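Here is a short briefing to read alongside the model on your screen. Take a look at the chains first, and then we can walk through the details together.

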Number of protein chains: 2
Amino acid sequence: MKRVNLLAGGPIEQWAPELQKPTQITGQWVTADRGTWRLLQKGIVPTVAVGDFDSLTPAERQQVQEQVGDIRAVQAEKDETDTQLALSIALEELAADQVVIYGATGGRLDHFLANLFMPLEERFKPFLNRLEMRDSQNTIRFYLPGDYQIAKEVDKKYLAFIPLTPTTDLNLIDEKYPLHHFDTEVPISWASNEFIGATGRFNFKTGIVAVIQSTD
Amino acid sequence: MKRVNLLAGGPIEQWAPELQKPTQITGQWVTADRGTWRLLQKGIVPTVAVGDFDSLTPAERQQVQEQVGDIRAVQAEKDETDTQLALSIALEELAADQVVIYGATGGRLDHFLANLFMPLEERFKPFLNRLEMRDSQNTIRFYLPGDYQIAKEVDKKYLAFIPLTPTTDLNLIDEKYPLHHFDTEVPISWASNEFIGATGRFNFKTGIVAVIQSTD
């Protein structure tokens, strides 16, 4: 199981708690945008950094260029964000079996939504079950049609099922609030559900469903 | 033009700046969940409050009950959130021409996404052009197919176009980064665009598009 961590440019106040001591997190790092400088400040050198770093001071930029061996810039004509390129590097070049994405939430909502919808792209869809996004209150995972049993995170209370594309026959089987044969043409967030025990089962026939575990 | 303001339960740190002095905001207020108590603390009594207020202390709850003349609770069997009920009250009972929704972002992402996707529901779709959601860095508005010219907000720099449902023939006409005849089957956030002048034009043929103006 090869884990790669991706740090995007979202605000530090929304970071997942484990980023207080990122040296205790296993796996390589790929960074996008402001994430690069912030990770260096934490004492970790990313394997690959994506960005032009034009929001940094000249001194900071020089430090990034001296410390990071592999720096990439998005090709302007590709309509791609730094985070999208960082994710494709994690999956294709570093062959990650698991990509934990930090700094993808908070602040500008156009950025957050670009990150949330990233797994829906054709090029990432085959890998979407390898992705998770974590912040101070939420963990987001993504599912293609199938039958699943997922595990409760001990520090999270709430559970949400969020069809992001037209979805058919969604069943929440043993959650606190069950749902049967639910179809939707538009995205919807079934929020504030809860696990009853340590795991919960759900299934659906077509579509893509995000699952969020969260805490107040 | 009848404006109604809706305050949902999202974290205060993400509130739009005008909520520092909400008495200067015109229009009636409808509140959901924790928004009720917070608005009372700001010296405003909402016309209608939705919630069971079980997160308040008994003393706080009593104060809500004494001050607010019209308190409603969601019917458990309706699978509705406090914010959804508050929005339908604003539109149907108070006949709002404009609903400005505060406290809809930040914190738990299942709540934010439930709010973001609310205008896609059949019952709200006829009114979606009346809604806007505001927080400390973002303003979100919603559009049905058509041809639009929108105005730049002076305190915002970035502009994003976000098809939330399958969308055809999206054209960004005079924005910094144009887009021509774009079709998508899945939600996507075209982030980090900008106005060139004081207004920007766009159009599309089918789908629902959210537009976000934001600032770093």
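The notes below go from the contact between two chains to salt bridges, one residue at that contact, and one helix.

This is a predicted model. In it, 35 residues of chain A are in contact with 35 residues of chain B, and the area buried between chain A and chain B is about 2800 Å². Over all chains, a search of the whole structure finds 36 salt bridges.

**The interface of chain A and chain B**

- Carbon and sulfur atoms give 67% of the area buried between chain A and chain B.
- Between these two chains, 16 residue pairs are in polar contact, with both residues at pLDDT 80 or more.
- On the side of chain A that touches chain B, five elements each supply at least two residues: α4 (109–117), β7 (138–143), β9 (158–163), β12 (190–193) and β14 (209–214).
- Which of them gives the most to that side of chain A? It is α4(A), with eight residues.
- Sorted by type, the residues on the side of chain A that touches chain B are 18 nonpolar, eleven polar and six charged.

**Salt bridges between the chains**

- How many salt bridges does the rule find across the interface of chain A and chain B? There are four.
- In one salt bridge, A:R34 pairs with B:D216, and the closest N and O atoms are 3.8 Å apart.
- B:D216 also meets the side chain of A:R108 in a salt bridge, at 3.4 Å from N to O.
- The pair of B:D216 and A:R108 joins two chains, because B:D216 lies in the segment after β14 (209–214) of chain B and A:R108 in the loop between β5 (98–102) and α4 of chain A.
- Are the two partners buried or exposed? B:D216 counts as exposed, at 53% relative accessibility, whereas A:R108 is buried, with a relative accessible area of 5%.

**Salt bridges within a chain**

- In chain B, the side chains of B:D110 and B:R108 form a salt bridge at 2.9 Å, N to O.
- Both of these partners are buried: B:D110 has 0% relative accessibility, and B:R108 has 5%.
- One network, joined by salt bridges that share partners, takes in A:E18, A:E132, A:R134, A:R141, A:E153, A:D155 and A:K156.
- Chain A has a salt bridge between A:E153 and A:R141, with the closest N and O atoms 3.2 Å apart.
- A:E153 sits in the loop between β8 (146–151) and β9 of chain A and A:R141 in strand β7 of chain A, so their pairing ties together parts that are twelve residues apart in sequence.
- A:E153 counts as buried at 16% relative accessibility, while A:R141, at 21%, counts as partly exposed.

**B:N138, a residue to look at**

- B:N138 belongs to strand β7 (residues 138–143) of chain B.
- With 1% relative accessibility, B:N138 counts as buried.
- What does the side chain of B:N138 reach at 3.0 Å? Its partner is the backbone nitrogen of A:L109, in the other chain.
- Apart from neighbours within four places in sequence, B:N138 is in contact with A:G107, A:R108 and A:L109 from chain A, and with B:M133, B:K156, B:I212, B:Q213 and B:S214 from chain B.

**Helix α3 of chain A**

- Helix α3 (residues 82–93) of chain A has twelve residues, which should span 16 Å at 1.5 Å a residue; the end C-alpha atoms are 16 Å apart, which agrees.
- Why can α3(A) be called largely enclosed by the rest of the structure? Ten of its twelve residues are buried, so the description fits.
- The buried residues of α3(A) are A:D82, A:T83, A:Q84, A:L85, A:A86, A:L87, A:S88, A:I89, A:A90 and A:L91.
- A:E92 is also in helix α3 of chain A, but A:E92 counts as exposed, at 55% relative accessibility.
- The C-alpha atoms of A:E92 and A:A198 are separated by 34 Å, and the two residues are 106 residues apart along the chain.
- After α3(A) comes A:A95, whose phi is positive, near 55°.

Technical notes. Residues are numbered from 1 along each chain as its sequence is written. Chains are lettered from A and ligands numbered from 1 in the order in which they are written. This is a predicted model: local features need pLDDT of at least 70, side-chain atom pairs count only at pLDDT 80 or more; totals for chains, interfaces and linings use all residues. Side-chain values use heavy atoms; hydrogens and water are left out. Helices (H or I, at least four residues) and strands (E, at least two) are DSSP runs, numbered from the N terminus. The expected span of a helix is 1.5 Å times one less than its number of residues. Buried means under 20% relative accessible area, exposed over 50%, partly exposed in between (1.4 Å probe, protein chains only). Contact means heavy atoms within 4.5 Å. Buried area is the accessible area (1.4 Å probe) that two parts lose on being put together, summed over both. A polar contact is a pair of N or O atoms within 3.5 Å; within protein, one must be able to donate a hydrogen and the other to accept it, and residues adjacent in sequence count only if both atoms are side-chain atoms. Ala, Val, Leu, Ile, Met, Phe, Trp, Tyr, Cys and Pro count as nonpolar, Asp, Glu, Lys and Arg as charged, and the others, Gly among them, as polar.
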